[in-house]
Amino acid sequence: MTLQGRSFIEPPDFTTEETEELFRLAERIMNSPGDYAERAKGRLLATLFYEPSTRTRFSFEAAMLKLGGQVIGFSGENASSAAKGESIADTVKTVACYADIAVIRHPKEGSAKVAARTADIPIINGGDGGHQHPTQTLTDLLTIRTEKGRFEGLKVGLCGDLKFGRTVHSLVRALCRYEGIEFILISPEELRVPDYVKKEIASGCGGSCREVERMQDVLSELDILYMTRVQKERFFNEEDYIRLKDSYILDAEKMRLAPADMIVMHPLPRVNEIATEVDADPRAVYFKQVRNGMYARMALILSLLGV
Ligand code: NCD
């Protein structure tokens, strides 16, 4: 069982055992980062970001630098030959001549898969449109594992833009593989999860799902509340976005309805959906998630490089 040379396009590309192996490595790195400070020496990571990003790009760059490796890349398609009309395939083939591994974020669903088919280096999907975001999922799972100590039997509330939110689609796909997860899908009617996501839950490991509109009705039952922003850039018209953008705002008053051991997660960036007063609540773990993301990506880079 080795991840060396493989690409990571969506969570099921790795078995749950392989994913578990990655978490164990991430934890070893967290506990003794000094032991890993030169493991990727002489290796080069390329970051091809056709869409805006703060955490995903910086955490990949930080991860590679902390492993002793180096980074090249661009941010925004105007900063690359995409602006001249170059295809993703040609850009990736070019980058593979220089780099040992690459991460790509692109607004088109399926773009990372195309890149992986073209390149002879490991390709990591850093988010393809409204589809998947598997390294955010590694980050989320590592956080759940650290905070809750298990995946099985959890009651997970996913709240906000469940239609366009790729982090939700990826997380559901990954969690479905564990026994008896109960998903509570909290969204306005127009932002419900796509049917294919519901089908995945139904065909997973005995999981179930329920759709509700009011967060207050279910807060008291949850182990995890996963908040998301309304994905402005994926809307066809601005009026719809403006009407839906503040559908949910988690504040200190609502937090009083939640169990003492519930955790609040968010992939970030947040817009209005979590009031900043919630940050001081010990149940808010979204900035811990950011930190975990870097360790998860360090483990991923080392495993795909096979070092
Ligand atoms: C997410 C994304 O890009 O999908 N951000 C991230 O990578 N942490 C979530 C979002 O943009 O809402």
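Helices (H or I, at least four residues) and strands (E, at least two) are DSSP runs, numbered from the N terminus. Lys155 sits in one such strand, E5, which covers residues 155–159. The model is predicted.

**Figure 1. Overview of the protein chain.** The chain holds 10 helices and nine strands. Its radius of gyration is 19 Å, close to the 19 Å that the globule rule gives for 307 residues, so the chain is as compact as a globular protein of that length. Along the principal axes, the C-alpha atoms fill a box of roughly 55 × 45 × 40 Å. Of the 307 residues, 54% count as buried. Contacts at long sequence separation feature strongly: among those between residues at least 6 apart, 74% join residues at least 24 apart. The exposed area is about 13,200 Å², and carbon and sulfur atoms supply 49% of it.

**Figure 2. The four-stranded sheet is open, with the order E2-E1-E3-E4.** Pairing in this sheet is parallel. Strand E2 (70–75) and E4 stand at the edges; each has a single partner strand, so one side of each is left without a neighbour in the sheet. From one strand to the next, the twist averages 10 degrees. Strand E1 (residues 44–49) pairs with E3 in the parallel sense, over five bridges. In that pairing, Ala46 has Ala102 of E3 as its bridge partner. On to E4: four bridges join E3 to this strand, and the two run parallel. Here Val103 is matched with Ile124 of E4. Helix H4 lies across E3 and E4 and runs at about 165 degrees to E4.

**Figure 3. Strand E3 is mostly covered.** How many of the six residues of E3 are buried? Six of six are, across residues 101–106. Ile101, Val103 and Arg105 point one way from the strand. Ala102, Ile104 and His106 point the other way. Both sets are buried. The residues with bridge partners named in Figure 2 belong to these two sets: Val103 to one, Ala102 to the other.

**Figure 4. Gly110 lies in the loop between E3 and helix H4 (111–118).** Its relative accessibility is 24%, so Gly110 counts as partly exposed; the buried class stops under 20%. Leaving out residues up to four places away in sequence, Gly110 touches Asp128 and His131. A long-range reference pair is Gly110 and Thr228: they are 118 residues apart in sequence and 22 Å apart in space, C-alpha to C-alpha.

**Figure 5. Gln132 occupies the loop between strand E4 (123–128) and helix H5 (134–148).** Is Gln132 buried or exposed? Gln132 is buried, with a relative accessible area of 0%. Its side chain makes a polar contact with the side chain of Ser170, at 3.0 Å. Neighbours within four places in sequence aside, the contacts of Gln132 begin with Ile9, Glu10 and Pro11, among others. Asn125 and Gly127 are also in contact with Gln132. So are Arg166, His169, Ser170 and Arg173. Tyr196 is a further contact of Gln132.

**Figure 6. The five-stranded sheet is open, with the order E7-E6-E5-E8-E9.** Its pairing is parallel. Which strands stand at the edges? They are E7 (208–212) and E9 (263–265); each has a single partner strand, so one side of each is left without a neighbour in the sheet. Neighbouring strands of this sheet are turned by 20 degrees against each other on average, direction ignored. Strand E6 (residues 182–186) pairs with E7 in the parallel sense over five bridges. Across that pairing, Glu182 stands opposite Ser208 in E7. Parallel pairing is one of two options: strands of a sheet pair through backbone hydrogen bonds, either parallel or antiparallel.

**Figure 7. Lys155 in strand E5.** At 19% relative accessibility, Lys155 counts as buried, the cut-off being under 20%. What joins the side chains of Lys155 and Glu221? A polar contact of 2.7 Å does. Residues up to four places away in sequence are not counted in the contact list that follows. Lys155 touches Glu182 and Ile184, along with Arg210. Lys155 also touches Glu221, Leu222, Asp223 and Ile224. One of these contacts, Glu182, is the residue that stands opposite Ser208 in Figure 6.

Note on methods: Residues are numbered from 1 along each chain as its sequence is written. This is a predicted model: local features need pLDDT of at least 70, side-chain atom pairs count only at pLDDT 80 or more; totals for chains, interfaces and linings use all residues. Side-chain values use heavy atoms; hydrogens and water are left out. Buried means under 20% relative accessible area, exposed over 50%, partly exposed in between (1.4 Å probe, protein chains only). A polar contact is a pair of N or O atoms within 3.5 Å; within protein, one must be able to donate a hydrogen and the other to accept it, and residues adjacent in sequence count only if both atoms are side-chain atoms. Contact means heavy atoms within 4.5 Å. Two strands pair if DSSP finds at least two bridges between them. Axes are lines fitted to C-alpha atoms, for helices over the stretch in contact, and angles run from 0 to 180 degrees between N-to-C directions. The radius of gyration is taken over C-alpha atoms; the globule rule is 2.2 Å times the number of residues to the power 0.38. Accessible areas come from the Shrake-Rupley method with a 1.4 Å probe; for residues, only the protein chains shown count as cover.
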